[in-house]
Amino acid sequence: MHTQTAVTLAGLSLAYPLALYTTAHTRASQEHNRNHPQVVRTRMLHVSAVTLLSIALVAGTQPRAESHGPLETLLGTGIVPGFLYNRSSGDGHANWRPRAYLAQIARALLLVGRLFVAPLSDAALYYAVRGSAVVRGDAHSAFAHIWAVRDYVFAPITEEIVYTALLVTAAGSAVETDALVAYVYLPLLFGVAHVHHAYERYTSGGERNLFPLVCSTLVQTAYTSLFGAITNYTYIHTAHCLWACVLQHSLCNVLGLPGPSEVVQHYSVVRIPSRAVARRLVSLWGKAYIVLLPVGALWFVRELRAWE
């Protein structure tokens with residue numbers, strides 16, 4: 001990969017987090033942290049502007065072939081739903097294939113479903129037992145606020161546009177000829193873009209002890225980089241089906257990192273069953289949940305290999 005390309009990629013990746021600090025209204029502080037509604041709204045506005053400018057920059061300056069204009073390059077990024085990038089044609093044109101596009105989205109979501117088979121199964125069992133009222137209450141508390149819009153809608157869309165579609169497009173042929181660029185360098189840019197969270201935690205007074213701050217930042221950088229590699233893999237192997245990556249991202253944000261079983265926690269702490277049989281079933285599910293965690297990871301890796 002040429003030095004100029006590497007610098008362009010770094011510039012695109014840095015523009016996104018820098019947009020969060022352009023004015024006093026977007027900077028988190030001890031008075032208004034990153035979750036203050038005014039900060040959230042202003043940041044989304046600034047990031048939207050930077051994302052649109054980045055799209056225009058890449059579409060206008062990074063044609064995939066001499067015959068490609070900005071529109072063809074834009075369609076090749078997958079930002080417009082329904083268009084798939086045709087690598088086998090030799091010219092890299094995007095074709096309108098809505099049915100195949102939907103099939104790629106389903107394929108990508110099933111991939112994530114395999115990885116999260118344990119927490120998804122646990123959630124299904126938990127809400128089946130607890131009932132619809134609990135489902136409605138939890139859904140309202142989880143999604144009926146601006147933070148849900150930011151975390152589950154806005155961030156997945158804008159981050160996948162910038163860190164997947166635009167970076168892969170700007171990297172050009174280096175992505176197809178060098179796996180390190182596609183699955184190490186570009187994802188690392190996505191991971192490093194989250195380092196600013198450490199700065200916010202420090203300046204807003206949330207964390208003053210540097211050692212745990214550095215450790216948590218390194219962990220976050222590692223798993224966001226890994227996630228970036230997964231979405232890049234999905235993007236490349238689904239013919240630039242960007243919205244498959246967006247939905248993967250959104251689903252992963254909703255689910256978060258797998259934690260203890262909700263079923264076991266509820267029926268071991270909140271409401272302990274009176275019957276011995278019920279307690280035994282809860283215990284058995286707890287063991288099954290632990291087994292499903294590595295099974296899901298192995299199932300996920302196996303499916304990834306099948307995509308090659």
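## Pockets, helix α12 and the loop before it

Histidine 240 is buried, with a relative accessible area of 4%. That is a good place to start a walk through this predicted model, and the loop around this histidine leads on to a helix and two pockets.

Histidine 240 sits in the loop between α11 and α12. Its phi is positive, about 65 degrees, although the residue is not a glycine. Alanine 239 is found in the loop between α11 and α12 as well, and has a positive phi near 60 degrees, again in a residue other than glycine. Is alanine 239 buried or exposed? Its relative accessibility is 18%, and the limit for buried is under 20%, so alanine 239 counts as buried.

After the loop comes α12, spanning residues 242-255. This helix has 14 residues and reaches 20 Å from its first C-alpha to its last, close to the 20 Å expected at 1.5 Å a residue. Which residues of α12 are buried? They are Leu242, Ala244, Cys245, Val246, Gln248, His249, Ser250 and Cys252. The cover over these buried residues includes α3 (70-77), α4, α7, α9 (179-192) and α11. Just after α12, glycine 256 takes a positive phi of about 70 degrees.

Now for the pockets. Rolling a probe the size of a water molecule over the atoms shows where empty space is left. The table sets out the two pockets that head the list.

| Pocket | Volume | Lining residues | Nearest the centre | Lining by class |
|---|---|---|---|---|
| Largest pocket | about 1300 Å³ | 47 residues | His194, Gln220, Tyr223, Thr224 and Asn253 | 28 nonpolar, 12 polar and 7 charged residues |
| Second largest pocket | about 550 Å³ | 20 residues | Ala123, Tyr127, Val254, Leu255 and Glu262 | 16 nonpolar, 1 polar and 3 charged residues |

Around the largest pocket, with its volume of about 1300 Å³, the elements that give two or more residues to the lining are α1 (3-18), α2, α4 (98-115), α7 (146-171), α10 (196-203), α11, α12 and α14 (276-307). Which element gives the most to this lining? It is α11, with 8 residues. Tyrosine 223 is found in that helix, α11 (residues 210-237), and is among the residues that lie nearest the centre of the largest pocket. With a relative accessible area of 38%, tyrosine 223 is partly exposed. For a sense of scale, its C-alpha atom is separated by 14 Å from that of leucine 115, while the two residues are 108 residues apart along the chain.

In the second largest pocket, at least two lining residues come from each of α5 (117-130), α6 (132-143) and α12. The largest share, 6 residues, comes from α5. Helix α12 thus appears here and also in the lining of the largest pocket. Val254 and Leu255 are among the residues nearest the centre of the second largest pocket, while Asn253 is among those nearest the centre of the largest pocket.

One more residue deserves a visit. Threonine 51 lies in helix α2 (residues 37-61), an element that gives two or more residues to the lining of the largest pocket. What does threonine 51 touch, leaving aside its neighbours within four places in sequence? It is in contact with Tyr16, Thr158, Ile161 and Val162. At 4% relative accessibility, threonine 51 counts as buried.

Key
Residues numbered from 1 in each chain as written. Predicted model: local features only at pLDDT ≥ 70, side-chain atom pairs only at ≥ 80, totals over all residues. Heavy atoms only, no water. Helix = DSSP H or I, 4+ residues; strand = E, 2+ residues; numbered from the N terminus. Buried < 20%, exposed > 50% of the residue type's maximum accessible area, 1.4 Å probe, protein only. Contact = heavy atoms within 4.5 Å. 1 Å grid on protein atoms, 1.4 Å probe; cavity = no way out; pocket = protein on both sides within 12 Å on 5 of 7 lines; lining within 4 Å. Points joined across faces, edges and corners; volume = space filled by probe spheres on them. Nonpolar A, V, L, I, M, F, W, Y, C, P; charged D, E, K, R; others polar. Expected span 1.5 Å × (residues − 1).
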